Amino acid sequence: MKITTVGLDIAKSVFHFVGVNKAGKLVKKKMIKRKDLLHFLAQIEPCLVVMEACGGANYWAREFEKVGHQVKLIAPQYVVPYRQGNKNDYNDALAIAEAAQRPNMRFVQPKPAEQQDIQMLHRMRERLSKQSTALVNQVRGMLAEYGIVITKGKASFRSKLPDILENADNELTAKGRSIFYQLYEEFNGIEERLKRCDNQVQQETKNNHVCQRLESVPGIGPVTATAFYAAVGEGKDFTNGRHFSAWCGLVPKQHSSGGKDNLLGISKRGNAYLRTLFIHGARAVLYHSDGKGDRFSRWAIALAERRGFNRACVAVANKLARIAWVIAAREDEYRMAV
């Protein structure tokens with residue numbers, strides 16, 4: 001019987017292949033080594049190849065499309081309910097194939113290499129930022145053991161630590177000063193790498209028309225614009241702005257029963273990094289909305305007065321996400337409503 005859907009459980013070295021027909025009946029299963037996978041899939045008639053959206057899936061999706069297959073990715077949490085029996089690689093592959101045949105299944109769009117490059121830049125930038133913050137906090141804690149206190153923030157650390165190291169009247173020993181100086185040099189090295197990352201982000205924005213349009217939206221700068229493009233491209237895989245906002249986890253979580261709607265806090269699903277950037281952008285919008293007469297700023301200020309600053313930040317972030325989707329998916333321009 002003809003294979004119409006392939007469920008593929010991918011790993012680093014060993015892959016488990018399951019082929020099913022149109023009725024969902026198992027036709028063939030096989031364990032394949034990495035070096036043989038592409039050649040094996042090239043021998044099969046073009047069909048639907050489905051994998052979990054995990055490490056390496058985007059690469060294999062591009063390679064399988066080159067040999068004529070249609071490729072779809074499924075979020076791992078949507079595969080679990082379809083697994084029968086104990087967890088093993090073949091059952092996982094069969095569950096992937098079963099889930100792919102459900103009419104209401106949600107799929108993940110494979111990323112092209114261009115989006116993966118920008119995503120990798122953001123991941124490196126995020127790691128360096130965390131390393132810098134951790135180093136500052138560690139040094140502040142160690143200085144406190146010598147009776148020296150520095151206020152929070154990188155700016156304060158950057159300006160005060162050199163003076164502390166040069167001050168001969170404090171309780172730092174010669175060995176202690178040497179160690180703190182090494183830590184200060186490490187901090188400067190991380191900050192220099194962060195600066196280079198920011199320059200790359202700026203350059204990506206200049207070379208991408210989607211990011212340029214997104215920058216016109218209040219609260220969205222080069223970092224958020226490029227993170228949006230790295231995550232969803234032009235966003236055309238979403239039906240509307242609310243679907244994109246829900247994917248970011250910025251809509252209320254629902255727990256309803258018996259015909260009674262019960263809405264909780266935001267769901268926090270999907271891309272946590274992008275959700276964080278939208279909320280930071282919303283916080284900046286609220287901080288600078290005083291005195292502005294446009295409709296968006298008036299709505300944000302009124303919401304903050306009525307519901308509190310933090311709730312207003314999330315609501316503004318939700319609106320920013322919807323606006324960003326419209327700007328990207330419909331190739332529109334942001335126009336401020338008076």
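Contact, as the word is used here, means heavy atoms within 4.5 Å, while helices (H or I, at least four residues) and strands (E, at least two) are DSSP runs numbered from the N terminus. The structure is a predicted model, in which local features need pLDDT of at least 70 and side-chain atom pairs count only at pLDDT 80 or more, whereas totals for chains, interfaces and linings use all residues. Residues are numbered from 1 along each chain as its sequence is written, and side-chain values use heavy atoms, with hydrogens and water left out.

The buried residues of helix α3 pack against four strands, namely β1 (5-9), β2 (14-20), β4 (48-52) and β5 (70-74). Those buried residues (buried being under 20% relative accessible area, exposed over 50% and partly exposed in between, with a 1.4 Å probe and protein chains only) are Asp 92, Ala 93, Ala 95, Ile 96, Ala 97, Ala 99 and Ala 100. Helix α3 covers residues 89-100, and because the expected span is 1.5 Å times one less than the number of residues, its 12 residues should span 16 Å, which agrees with the 17 Å between its end C-alpha atoms. At the start of α3, a side-chain oxygen of Asn 88 comes to within 3.2 Å of the backbone nitrogen of Tyr 90.

Further along the chain, Ser 297 lies in helix α11 (residues 295-307), and Ser 297 counts as buried because its relative accessible area is 6%. Its side chain makes a polar contact with that of Asp 294 at 2.8 Å, a polar contact being a pair of N or O atoms within 3.5 Å, of which, within protein, one must be able to donate a hydrogen and the other to accept it, and residues adjacent in sequence count only if both atoms are side-chain atoms. When residues up to four places away in sequence are not counted, Ser 297 touches Ser 289 and Lys 292.

Backbone geometry singles out two further residues. Most residues other than glycine have a negative phi. Lys 268, however, has a positive phi near 60 degrees; Lys 268 sits in the loop between β7 and α10 (272-287) and is exposed, with a relative accessible area of 58%. Glu 331, in the segment after α12, likewise is not a glycine and has a positive phi of about 50 degrees.
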